[in-house]
Amino acid sequence: MSEKSKSVLLPVVAAAVFAGLGRMVLQKIKADRAAKASNVAGPVDEKTRAWISEVVRTPRQ
């Protein structure tokens, strides 16, 4: 009797694990697509890039 329950338990646990992993993958794909579509940062011109680099490298006073 107990051997029968073990043989049923393993496939159920495996299915739950694979379903969870699949859900995580789908959420990651959706998040990547949403981030790519929103494009919050946008293109940065050379002057702005140099200013950001200078601000980041110099310590605050």
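Helix α2 is hardly covered: zero of its twelve residues are buried (under 20% relative accessible area, 1.4 Å probe, protein chains only). The model is predicted; local features need pLDDT of at least 70, side-chain atom pairs count only at pLDDT 80 or more, and totals for chains, interfaces and linings use all residues. Residues are numbered from 1 along each chain as its sequence is written, and side-chain values use heavy atoms, without hydrogens and water.

**Overall make-up**
- The protein has two helices and zero strands (DSSP runs: H or I of at least four residues for helices, E of at least two for strands, numbered from the N terminus).
- Of the 61 residues, 0% are buried.
- About 6,200 Å² is exposed (Shrake-Rupley method, 1.4 Å probe), and carbon and sulfur atoms supply 65% of this area.

**Helix α2**
- Helix α2 covers residues 46-57.
- Its expected span, 1.5 Å times one less than its number of residues, is 16 Å; the end C-alpha atoms lie 17 Å apart, which agrees.

**Salt bridge**
- The whole structure holds one salt bridge (a Lys or Arg side-chain nitrogen within 4 Å of an Asp or Glu carboxyl oxygen).
- D32 pairs with K28, with the closest N and O atoms 3.1 Å apart.
- The two are about one helical turn apart, because they sit four residues apart in helix α1 (residues 2-38).
- D32 is partly exposed (between 20% and 50%) at 40% relative accessibility.

**Nonpolar patch**
- L9, V13, V17, F18, L21 and M24 form a nonpolar surface patch with about 610 Å² of accessible area together.
- Patch residues have over 30% relative accessible area and no salt bridge; like charges are joined within 9 Å, nonpolar side chains (Val, Leu, Ile, Met, Phe, Trp, Tyr) within 5 Å.
- F18 lies in helix α1.
- F18 is exposed (over 50%), with a relative accessible area of 61%.
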